[in-house]
Structures are given as structure tokens and as C-alpha cells.
Amino acid sequence: ARRADSGGIVVIGLGRFGCHLAGSLTRMNREVLAIDRSPAKVQRWSAQLDRVVQADATEEGALRQLGISSFGRAVVAIGASVEASVLTVLALVELGVPQIWARATSQKHAKILASVGAHHVIFPEAETGDRVAHLIVSRLLDFIEFDDDFAIATVRVPESLVGRTLLELKPEERFGVRVVGAKLPGERFRYTSDDTTLPQGGVLIVEGGIDQVQQFAGMR
Ligand code: ADP
């Protein structure tokens with residue numbers, strides 16, 4: 001059995017978001033302790049997850065008994081009840097959990113979470129909506145947004161750029177993006193060089209500011 005240590009992750013709230021998160025972390029071989037106050041939820045996930053316990057996470061004493069203070073990270077995945085989510089973050093702060101991630105359902109909710117001490121606030125619904133919108137309307141095939149206005153994306157080669165070399169195009173000067181990889185359909189990505197020609201029907205790996213990457217992907 002894996003030992004509870006600072007590599008472990010506590011996931012609180014096994015709703016639609018929390019159960020997927022806990023499942024993914026488990027498949028990534030992380031030690032996960034999942035907590036929900038509903039006995040039915042605990043019952044439902046106990047076969048798929050290593051450790052699922054029933055507890056009210058707003059109760060600091062209950063969390064303490066579960067040994068939460070020895071975990072390096074906790075994610076509060078409760079969405080519907082702002083009160084339960086805020087009180088849970090507060091309890092985790094009191095227990096000294098070093099990295100607390102919390103899910104917000106509105107900007108106000110996010111503000112409260114940050115002010116009681118959450119280290120990372122996430123908006124799964126809003127973020128997924130944004131991401132899917134990008135994927136639908138542009139040549140973007142995949143899009144990863146990082147903090148501090150940086151993104152990496154895979155993009156279909158815009159028609160108007162087919163057959164040009166990167167030396168001619170100077171994408172960094174003209175579009176504010178760097179084209180780091182290129183491939184033809186069915187082939188593997190290769191790193192680009194100045195003499196890389198943008199292939200018809202090809203796919204590029206592009207990095208840069210979020211707006212710049214989106215604009216590049218929106219080109220015809
Ligand atoms: P989703 O939109 O992901 O389904 P919900 O907010 O509907 O999210 O579900 C949150 C989960 O958190 C539910 O399974 C609920 O039982 C659980 N939950 C709510 N409050 C607490 C609490 N105080 N302690 C532990 N689990 C809680």
C-alpha cells in the first residue's frame with residue numbers, strides 16, 4: 001500500500017468534477033485520499049479509488065483525524081455550496097496544508113477563496129468552455145494556456161502561408177509567435193529550423209502570447 005506523505009493529494013467533494021479529478025490522479029499513480037460527506041458518493045466511488053472516506057470536510061477535527069496535515073496538496077472540488085467550499089478551505093489552512101487548490105463557480109466565490117487562503121483558484125466550467133470555443137472556431141487543434149499570458153497550441157497550417165519558409169515568414173516578428181514544430185498528416189512532429197517549409201495540410205506547434213497564438217490560428 002502507498003504511504004500517506006507529502007506526495008499525496010486530498011480531493012474533497014466527489015461531484016462530477018471531483019470524481020474525474022480523483023480518477024485521473026489515481027491513473028497517474030498518485031496517492032489520492034478522496035472525501036465526501038455523502039455516504040452514497042463514498043459507496044459509489046470506493047471500488048474505483050484507493051481511499052474514499054465519508055466526512056464533513058468543513059470540520060477541522062474530522063480532517064485532522066484523517067491525517068490531512070501530512071498531505072502536500074488538497075483540492076476542494078465542491079462547487080454548488082459556496083459556504084461548504086469556503087469553510088473547507090479555511091479548515092485546510094488551519095491544518096497547514098501547503099498547497100490548497102479550490103474550485104470557484106463565480107468571481108465572487110473566487111475572491112473569497114483567495115482571501116481565506118486558497119493558493120490556486122480554478123474555474124473548471126469557464127475554462128472548459130473557453131477551451132472548447134477555441135477548438136471549435138479556429139484552426140486550433142489543441143490549446144494549452146499557462147499563467148502569465150503564454151500558450152502552446154497545435155494549429156493547422158494557414159492556407160496563405162503554405163509553401164513559405166520560416167526564414168521568409170519571420171513568425172516571431174510578424175505574428176508574435178514561435179513555430180517550434182511541424183508535421184505532415186500521419187507523420188511525427190519535427191523541430192523546425194529557418195528552412196522549414198510550411199506544408200500544405202500540415203500541423204504546427206506554435207507558442208507565444210495567448211492572443212497572438214489565437215490570432216495566428218485564426219488566419220486563413
Ligand atoms: P459538481 O458540479 O462537480 O457535481 P457539486 O458541488 O454538485 O459538484 O458536488 C460536490 C460534492 O461535494 C458532492 O458530492 C457533495 O456531497 C460534496 N460535499 C459538499 N459539501 C461537502 C462537505 N462539507 N464535506 C465533504 N463533501 C461535501
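How far apart do the C-alpha centres of domain 1 and domain 2 lie? In this predicted model, the chain is divided by its domain assignment into domain 1, covering residues 9-122, and domain 2, covering residues 127-218. The C-alpha centres of the two domains are separated by 36 Å.

The ligand is surrounded by 21 residues, and the closest of these are G13, G15, F17, G79 and A80. Three elements, α1 (16-27), β2 (32-36) and α4 (82-94), each contribute at least two residues to the shell around the ligand. Of the shell, the largest share is supplied by α1, with three residues. In chemical character, the shell consists of eight nonpolar, eight polar and five charged residues.

A further position considered is D195, which is located in the loop that connects β10 (190-191) with β11 (203-208). The surroundings of D195 contain 9 other C-beta atoms within 10 Å. Because a residue with 12 or fewer such atoms counts as exposed, D195 is classed as exposed. When neighbours within four places in sequence are left aside, D195 is in contact with T165 and L167. D195 is also found 6.2 Å from L166, C-alpha to C-alpha, although 29 residues separate the two in sequence. The loop between β10 and β11 thus holds a residue, D195, that is exposed and in contact with T165 and L167.

Notes. Residues are numbered from 1 along each chain as its sequence is written. This is a predicted model: local features need pLDDT of at least 70, side-chain atom pairs count only at pLDDT 80 or more; totals for chains, interfaces and linings use all residues. A residue is near a molecule or strand if its C-beta atom, placed from the backbone, lies within 6 Å of it. Helices (H or I, at least four residues) and strands (E, at least two) are DSSP runs, numbered from the N terminus. Ala, Val, Leu, Ile, Met, Phe, Trp, Tyr, Cys and Pro count as nonpolar, Asp, Glu, Lys and Arg as charged, and the others, Gly among them, as polar. A residue is buried if 20 or more other C-beta atoms lie within 10 Å of its own, exposed if 12 or fewer, and partly exposed in between; C-beta atoms are placed from the backbone. Two residues are in contact if their C-beta atoms, placed from the backbone, lie within 7 Å. Domain bounds come from an automatic or database domain assignment.
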